[in-house]
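Before reading on, please take a moment with the sequence and the structure shown here. The paragraphs that follow go from one region to another and explain what can be found in each.

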Amino acid sequence: MTKIGLEIHCQLTKLESKLFCSCKADYRGFEPNTNICPVCVGLPGSLPRLNKKAIEKATVIAMALNCQTPPKIAFFRKNYFYPDLPKNFQITQLNIYGPTSIGQEGKISVEGKEIRIRRIQLEEDPGRLIYEGSSERTQITLVDYNRAGTPLVEIVTEPDFENPKQVRLFLNILSDLLENLGVSDPSLEGAMRADANVSIEGGSKVEIKNINSFYDLEKALHFELTRQQSLAERKIEIIQETRHWDDKRKITISARSKEEEEDYRYFLEGDIPWVVIDPQIISRLKKDMPESISSKRERYIKDFGISSQVADVLSSDKFYSDLFEQAHDQKNAKEIANFITTDLMGFVDTKEKRKESKLTAKHLADLANAIIENKITRNSSKNVLQTIVKSGKSVSQLISELDLGHVSDEVELSKVIDEVLKDESKAVEEAKQKPETINYLVGKVMKKTKGKADATLTLNLLKKKLSK
Ligand SMILES: [Zn+2]
C-alpha cells in the first residue's frame, strides 16, 4: 500500500517581528543582510526573546487543525552545521519530555478521508542560500540572513495519504485555512513549503526535499512512486534515503542517507524557559478565532440560498469572502455572490490585480442593487464591473457615462423589436414553426440595444408579436 506523509513549513507572515528578536518577520524586499541583528545572526552573548504573538498564532493554527494544545511548551536546540544557520543550531520543538510542542494529534478531512496531524511545532526559519547557476555546479554561493529567525510553523502529518492527488487537495485546504485564519499569506514566495515521505508496500521510507511548489510536489510524488514500483518489480531493495527534486530534469536524485533524530543532538534551549499556556489565553483565542471555511459555506447556503458550488468558491478564498461579507445584505446576497464568482474572479485573478483593483464593497452592493431595481441589465453589469475595477468610479456615474440605462419601456422596446422582425424575416418564420428558436431573435434585440433591453419583457413582447 502506498503511504505518503508530509512535513509542511508555513511562515507566520502576518507577524510584525521575527521569533526571537525585533527584526521584521516580513524580510522580503530588503537588501541582502540588512534585516538582521546580533540575535538572528547568532553573535556570541546575544540572547533570544520569545515573540508572544507567534505562540498565539501557532496555537490558533493548532486549534484550527483540531489539535490538542499542551499546558506548557518547551524549545529545543537542533544542532547541525550549514551555512544558512548562523548559530549552528535551530531553535525548534520536540516531544521528548511528553507533548511540549504547540499542538498534537489533530486531524483534517480531505474529501471524506481523514488525515491525521501528528504534531505542530514552532521554530525559526534559517537564512537563504543563493547559488550562482545550479546548486550542483555552482562556484559561488551567497548567503542572506534576512530570513533567519522568521517564525515558522511545522506541520507533520501521519503517512495517511494514499495518492498524490489527496496531497494536492490537502495542501489547497491547508493553504485556504491559513489564509482564512489571518496568520499567513501562502501566496508569498517561500511562505509555504512541503517535504514528503513516500513508501510502497514492503519498501523503506524515502524522503523528498527541495520542492518549490505544490505543483512540483505532485509531480515529484508521481515520479517517486513510479521509481519505487519499478525497483520493487525488479526485486531491488528500496533504501531509506533523502532524495532531492531536480526541478529541471523533473526527477528525484539521491542526496544522502537519512539522518536519524539522534544525529541532531537535541537538547533543551537553556535561554528560553518553559512557557505556560494560560487556559484563559486559549479561551480568548478560541473566542476570537475567525469563522471556519466550512461554517461560512454552510451559512451562505442556508441563509442566502447560494448554490453549493458558488458557496464553495466564495468561502474558501478570504479575499472574496471578505468582500462578500462587507457588501451583502439579505436582499442582494445571492446577486453579489454570483457576481464575485462569475465575473469578478476573471478580472482580479492574480495577486497584483487584486492589489491594484479599485473596487470596494460599496461598489458591489450598488451594482447588485441596480440590477435588482431594474436600473441596469445583468448583461451590461459585467462591463460596469470591469470599469470599476480599473477606475473606481461610482456605479451611478458609470450607468450614465456608459449610457447603460435599462430599456424597460414597452413602447421604446417594441419599436426595436419591430425593426428586428423586419430584418430577420427568415428567423421569424422559423420561430413560428419552432418556438425554441426564439432566443435567436432575443439575441438580436439585445445586440441592437447594446445589452440594455429587459430580457423578460423582450421575450414576452416577441412572443406576443409572433403569435399574431
Ligand atoms: Zn534579528
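In which sense do β11 and strand β12 pair, and over how many bridges? In this model, which is predicted, β11 and β12 (residues 241–246) pair in the parallel sense, and four bridges join them. One of the places to look is V206, whose bridge partner in β12 is E241. To get from β11 to β12 the chain passes through helix α3 (residues 214–233), and the β-α-β crossover that results is left-handed.

Strand β11 (residues 206–209) also pairs with strand β10 (residues 192–199), and here the sense is antiparallel, with three bridges between the two strands. V206 takes part on this side as well, since it is the bridge partner of V198. Six residues lie between the strands of this hairpin of β10 and β11, and among them G202 takes a positive phi near 80°.

A second group of strands can be followed in the same way. Three strands form an open sheet in the order β4-β3-β14, and their pairing is antiparallel. Because β4 (89–92) and β14 (267–268) stand at the edges and each has a single partner strand, one side of each is left without a neighbour in the sheet. Strand β3 (residues 76–79) is joined to β14 by two bridges, and within this pairing R77 has F267 as its bridge partner in β14.

Following the chain onward from this sheet, one comes to E269, which is found in the loop between β14 and β15 (275–276). Is E269 buried or exposed? Its relative accessibility is 3%, and because residues under 20% are taken as buried, E269 counts as buried. Leaving aside residues up to four places away in sequence, E269 touches F75, F76, R77, F89 and I91. E269 also lies 8.8 Å from T92, C-alpha to C-alpha, although 177 residues separate E269 and T92 in sequence.

The metal site is the next place to visit. Which residues coordinate the zinc ion? The donors are the SG atoms of C21, C23, C37 and C40, at 2.3 to 2.4 Å. The angles among the four donor atoms are 104 to 114°, and the site is tetrahedral. Along the chain the donors follow the spacing C-x1-C-x13-C-x2-C. The pair of C23 and C37 links distant parts of the chain, 14 residues apart, with both residues in the loop between β1 (3–11) and α1 (52–64). C23 and C37 are both buried.

The helices further along the chain offer another view of what is buried. In helix α6 (residues 308–316), the buried residues include V310, A311, L314 and S315. These residues lie on the same side of α6, because they cover an arc of only 120° around the axis. Among the elements that cover the buried residues of α6 are α5 (293–304), α7 (318–327) and α8 (333–347).

Helix α15 (residues 438–448) can be read in a similar manner, with I438, L441, V442, V445 and M446 as its buried residues. Seen down the axis of α15, the buried residues fall within an arc of 145°, and therefore they line one face of the helix. Their cover includes α11 (378–391), α13 (410–423), α14 (425–433) and α16 (455–466). Just after α15 comes K450, which takes a positive phi of about 55°.

This last detail leads to the backbone. Most residues other than glycine have a negative phi, and the following residues are worth a look for that reason. K250, found in the loop between β12 and β13 (251–257), is not a glycine and yet has a positive phi near 60°. With a relative accessible area of 33%, K250 is partly exposed. R265, placed in the loop between β13 and β14, likewise is not a glycine but has a positive phi of about 50°. At a relative accessibility of 57%, R265 counts as exposed.

Methods
Residues numbered from 1 in each chain as written. Predicted model: local features only at pLDDT ≥ 70, side-chain atom pairs only at ≥ 80, totals over all residues. Heavy atoms only, no water. Donors = N, O, S within 2.8 Å, 3.2 Å for Na, K, Ca; no water. Tetrahedral: all angles 85-135°; square planar, octahedral: opposite > 155°, others 65-115°. Buried < 20%, exposed > 50% of the residue type's maximum accessible area, 1.4 Å probe, protein only. Pairing = 2+ DSSP bridges. Right-handed = clockwise from strand over helix to strand, strands pointing away. Arc of directions from axis to C-beta. Contact = heavy atoms within 4.5 Å.
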